[in-house]
Amino acid sequence: MDTTKQTITVVGLGAGDLDQLPYGIYRTLKQAEHLYLRTQEHPVVAQLGAENISFSSFDETYEKHESFEDVYADIVEVLFAQAQQHGKIVYAVPGHPLVAERTVQLLLEQGPSRGVEIEIGGGQSFIDPLFARLKIDPIEGFSLLDGTALKTEQVSPGLHTIIAQVYDAFVASDVKLTLMEVLPDDFLVTVATAVGVAGQERIETVPLYELDRLDHFGNLSLVYVPPAHDERISYRQFSYLKEIVAILRSPDGCPWDREQTHQSIRKNLIEETYEVLETIDDEDPDAMCEELGDLLMQIMLHSQIASEDGYFTVDDVVATLNEKLIRRHPHVFGEKSANDSDEALANWQEIKAQEKAAKGIDVSVQSQLAGIPRDLPALMYAYKLQKKAAQVGFDWDDVADVYSKVEEEYRELHEASEEERAGELGDLLFAVVNLARFMKLDPEEALALTNNKFKQRFSYIEYKLREAGKSFEDTDLKEMDQWWEEAKQHAKRRG
């Protein structure tokens, strides 16, 4: 036997007192020449001391660092150093070594490269007595999460959820706030401390908003979140949306939804997009929330249709988007840098060119005007055409030249024959778009402002007609012009 081999034997102190500790682990603790405990805050530890078993603990390490990751890294460094010094050491942790023990995972990850063998000696986790105490059947599905690093996306409301390592009220507060992003404030959760330990066990069920107000958090505390079946919770889950859309398209679903194709609902996608834009212009967040949902419904329907045809699923859509966002933001997720938006845009364009090359698209022979969606509104399409051309130097030198071009196109329209008018009007509009671009204005937005202004003033005329008990047949242009001017004056006073 190689007595020079460096070994760290990791054992679990279980979830209860010494009577619940397996004999093999008790013997390992009793015979250990160098015993280290992650913490003394455990029912077994006092009994070990009563049996004259000496040990060292890392409780003071927690006071030296601001983050748990730093604490765990420090503990691991000390353990490896002690193993190198003594050859064989025993490291004891609460519960089972492989359940919610980050230090053990670090030991297992780093052991081979440091030439130290890590042996797992077993132990009882806190899960078994908790299941028994709360009468939980794990076959229904459960999730075990770390309270010190809990994220919203980890919480699955349909599962039995156990949140471990809720050491104190500060961690409990973070857990509460994270859960509140998924669950109602009054959702009932259970805090269990020292489950199965005679005289120390405390179990309380409280509304979520009171979670961090309890007074018995410690190293043996955890939070249990039961499965949720409330519609308020289901409605917030993306998975439930996928299920609803699939049902609507199923043989037992909605006849209208079943009949739709990509082409039949094509116009709906455009209409819903413009309805979202309207809520943005109106600065109405409640309406925006609803209209964004309608737009998302169109994406879900297209994805469901594609899934049924065997092309892609909505999960593929999400995966493609995530990959693209990370790939095109190397200054955020990679090693490149971008000090301003211009540099970020340059990175984006460079990566787009690389993506095209990878797809076999020869950008050297591709038109500089390629890549503009052909179904954009004509005003927006013209704006993007001009921007693309300007990037390679095909542009006016001065705004005065653009004014002259607008005047020229106006004269040509004025002098055009009936057959020429459509083309000359298009030329005039194209020149006006150029003027907007030179003024750093979006022509689509500018025209939208004027449309809204016209609508408000015309609505004022309708209001005055109703006030006077008249209809449009009872008035004339002169009277309507007077009310139009009144509307302008009202708008100026409000502005």
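# Notebook: two sheets and the helices around them

**Entry 1, strand S4.** I began with S4, which is mostly covered, since five of its six residues are buried. I keep in mind that I am looking at a predicted model. S4 takes in residues 88-93, and I find it paired with strand S1, residues 7-12, in the parallel sense over six bridges. I looked up single partners next. Ile8 has Ile89 in S4 as its bridge partner, and Gly12 has Val93. S4 is also joined to S2, by three bridges, and these two strands run parallel as well. Here I noted that Tyr36 is matched with Tyr91 in S4.

**Entry 2, the sheet that holds S4.** In what order do the strands of this open sheet lie? I read S3-S2-S4-S1-S5, five strands with parallel pairing. Strand S3 (56-57) and strand S5 (117-120) are the edge strands, and each of them pairs on one side only. I add a general reminder that strands of a sheet pair through backbone hydrogen bonds, either parallel or antiparallel. Then I looked for what lies across this sheet. Helix H4, residues 68-86, lies across S1, strand S2 (35-37), S4 and S5. I wrote down its direction too: H4 runs at about 150° to S4.

**Entry 3, Glu101.** I followed the chain on from S4 and stopped at Glu101, in the loop between S4 and helix H5 (102-114). Is Glu101 buried or exposed? Its relative accessible area is 6%, and buried means under 20%, so I count Glu101 as buried. I then listed its contacts, leaving aside neighbours within four places in sequence. Glu101 touches Arg38, Val93, Pro94 and His96. Val93 had already come up as the partner of Gly12.

**Entry 4, the other sheet.** I moved to an open sheet of five strands with mixed pairing, in the order S6-S7-S10-S8-S9. Its edge strands are strand S6 (142-146) and strand S9 (202-207), each pairing on one side only. From one strand to the next the twist averages 20°. I checked one pair in detail: strand S8, residues 188-193, is joined to S9 by six bridges, and the two run antiparallel. Thr190 has Thr205 in S9 as its bridge partner.

**Entry 5, helix H19.** Does the span of H19 agree or disagree with its number of residues? H19 covers residues 443-467, which makes 25 residues. At 1.5 Å a residue the helix should span 36 Å, and its end C-alpha atoms are 36 Å apart, so the two values agree. I looked at both ends. At the N-terminal end Asp442 acts as a cap, with a side-chain oxygen 2.8 Å from the backbone nitrogen of Glu444. Just after H19, Gly469 takes a positive phi of about 70°.

I then asked which residues of H19 are buried. They are Pro443, Arg457, Tyr460, Ile461, Lys464 and Leu465. What do these buried residues pack against? I find three helices listed here: helix H16 (378-390), helix H18 (421-438) and helix H20 (477-494).

**Entry 6, Ala436.** Since H18 had come up, I picked a residue in that helix, Ala436. Its relative accessible area is 12%, against a limit of 20% for buried, so Ala436 is buried. Leaving aside neighbours within four places in sequence, Ala436 is in contact with Leu441 and Pro443. Pro443 is one of the buried residues of H19. I also looked up Val399, which is 37 residues from Ala436 in sequence. From C-alpha to C-alpha, these two are 9.9 Å apart in space.

**Entry 7, the protein as a whole.** I finished with the totals. I count 20 helices and ten strands in the protein. Why do I call the protein more spread out than a compact globule? Its radius of gyration is 35 Å, while the globule rule gives 23 Å for 495 residues; the value is well over the rule, so the protein is more spread out. The C-alpha atoms fill a box of roughly 110 × 60 × 55 Å, taken along the principal axes. Of the 495 residues, 34% count as buried. Last, I looked at contacts with a separation of 6 or more: 60% of them are between residues 24 or more positions apart.

How values were computed
Residues are numbered from 1 along each chain as its sequence is written. This is a predicted model: local features need pLDDT of at least 70, side-chain atom pairs count only at pLDDT 80 or more; totals for chains, interfaces and linings use all residues. Side-chain values use heavy atoms; hydrogens and water are left out. Two strands pair if DSSP finds at least two bridges between them. Axes are lines fitted to C-alpha atoms, for helices over the stretch in contact, and angles run from 0 to 180 degrees between N-to-C directions. The expected span of a helix is 1.5 Å times one less than its number of residues. Buried means under 20% relative accessible area, exposed over 50%, partly exposed in between (1.4 Å probe, protein chains only). Contact means heavy atoms within 4.5 Å. A polar contact is a pair of N or O atoms within 3.5 Å; within protein, one must be able to donate a hydrogen and the other to accept it, and residues adjacent in sequence count only if both atoms are side-chain atoms. The radius of gyration is taken over C-alpha atoms; the globule rule is 2.2 Å times the number of residues to the power 0.38.
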